[in-house]
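Please open the structure in a viewer and keep the sequence at hand. The tour below proposes a series of selections and describes what is found at each stop.

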Amino acid sequence: MYTTIDEAKDLVWAFEDRTLARSRWTHAAHLTVALWYLVHYPHPEATRRIRAGIQQYNAANGIQTTPTGGYHETITLFWIDQVHQFLTDKGVNDFALETVNALLQTYADPNLPFLFYSGDRLLSWEARTTWVEPDLRNW
C-alpha cells in the first residue's frame, strides 16, 4: 500500500528507467505498473508496453527467462486482464491513490492464477513463453 500517489508514480518511473531495485520488483509493483499503463493507454497498447517493459527491465537487471524464473507470458497477460477488469468493474480510469491501493488490496494474493490453472499447466515452459488458456476454469 502507498501513503502518497507520488510513491506509486516514483515506482513506475524507476521501472521505466530500469533503476527499480530488484527487491522492489514485487507483485504489488507489477500491479502498480499495469495499472499505470492501463490508465494511460488503450488496452492493446498498454499490454504491449507492459510486456515489453517487463522484458526490458529483466534484461537490464540480469533476470533471464528460464523454466523456473524470469518473464512469464501467461501470468503477465492474466494480471493485465485482471487489472483491466478491475478498472472496468469500478468504473474508474485514473491513477489515484485510492485506486492503486484498492487494486493492491483486491489482488494481494499473487497465487490467484492457480484458481484458474493447474500448477503443471501454469508452470510449464509453454505458459512461460506463450499465452495458454486456463485449464481449471475461466475468469
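**The largest pocket**

Begin with the largest pocket of this predicted model, which has a volume of about 450 Å³. Select H30, H72, I75, T76 and W79: of the 19 residues that line the pocket, these are the closest to its centre. Next, colour helix 2 (27–40), helix 3 (43–60) and helix 4 (73–90), each of which supplies at least two residues of the lining. Which helix provides the largest share of this lining? Helix 2 does, with 5 residues. If the lining is coloured by class, 11 residues appear as nonpolar, 7 as polar and 1 as charged.

**The largest nonpolar core**

Turn now to the largest nonpolar core and select F15, W25, L35 and F95. Of the 41 residues in this core, these four touch the most other members. The elements that contribute two or more residues to the core are helix 1 (5–16), helix 2, helix 3, helix 4 and helix 5 (97–106). The largest share of the core again belongs to helix 2, which gives 9 residues.

Centre the view on F95 and display its contacts. With residues up to four places away in sequence left out, F95 touches I5, A8, K9, V12, T32, L35, W36, V39, H40 and V100. One of these partners, T32, is the next stop.

**T32 in helix 2**

Select T32, which is located in helix 2. Is this residue buried or exposed? T32 counts as buried because its relative accessibility is 0%, and the cut-off for buried is under 20%. Residues up to four places away in sequence aside, the contacts of T32 are Y2, A8, L11, V12, F95, V100 and L104. Draw a distance between the C-alpha atoms of T32 and A8: they are separated by 6.9 Å, although the two residues are 24 residues apart along the chain.

**Salt bridges in helix 3**

How many salt bridges does the structure hold? There are 3. Three residues, E45, R48 and R49, are linked in a network of salt bridges.

Show the side chains of E45 and R48 first; they meet in a salt bridge with an N to O distance of 2.8 Å. The two residues are 3 residues apart in helix 3, so about one helical turn separates them. E45 is partly exposed, at 25% relative accessibility, and R48 is also partly exposed, with a relative accessible area of 45%.

Add R49 to the selection. R49 forms a salt bridge with E45, and the closest N and O atoms of this pair are 2.7 Å apart. Here too the separation is about one helical turn, because R49 and E45 are 4 residues apart in helix 3. R49 has a relative accessible area of 30% and is therefore partly exposed.

**A salt bridge between helices 3 and 4**

Select E73 and R51 for the next salt bridge, in which the closest N and O atoms are 2.9 Å apart. E73 belongs to helix 4 and R51 to helix 3, so this pair ties together parts that are 22 residues apart in sequence. The partners differ in exposure: E73 is buried, with a relative accessible area of 7%, whereas R51 counts as partly exposed at 30% relative accessibility.

**T47 in helix 3**

Remain in helix 3 and select T47. The relative accessible area of T47 is 13%, so this residue is buried. Which residues does T47 touch, not counting residues up to four places away in sequence? The contacts are L77 and I80.

**R18 in a loop**

Conclude the tour at R18, in the loop between helix 1 and helix 2. Inspect the backbone at this position: phi of R18 is near 65°, a positive value in a residue other than glycine. Most residues other than glycine have a negative phi. With a relative accessible area of 22%, R18 is partly exposed.

Definitions and conventions:
Residues numbered from 1 in each chain as written. Predicted model: local features only at pLDDT ≥ 70, side-chain atom pairs only at ≥ 80, totals over all residues. Heavy atoms only, no water. 1 Å grid on protein atoms, 1.4 Å probe; cavity = no way out; pocket = protein on both sides within 12 Å on 5 of 7 lines; lining within 4 Å. Points joined across faces, edges and corners; volume = space filled by probe spheres on them. Nonpolar A, V, L, I, M, F, W, Y, C, P; charged D, E, K, R; others polar. Core = buried A, V, L, I, M, F, W, Y, C linked by side-chain atoms within 4.5 Å. Buried < 20%, exposed > 50% of the residue type's maximum accessible area, 1.4 Å probe, protein only. Contact = heavy atoms within 4.5 Å. Salt bridge = Lys/Arg side-chain N within 4 Å of Asp/Glu carboxyl O.
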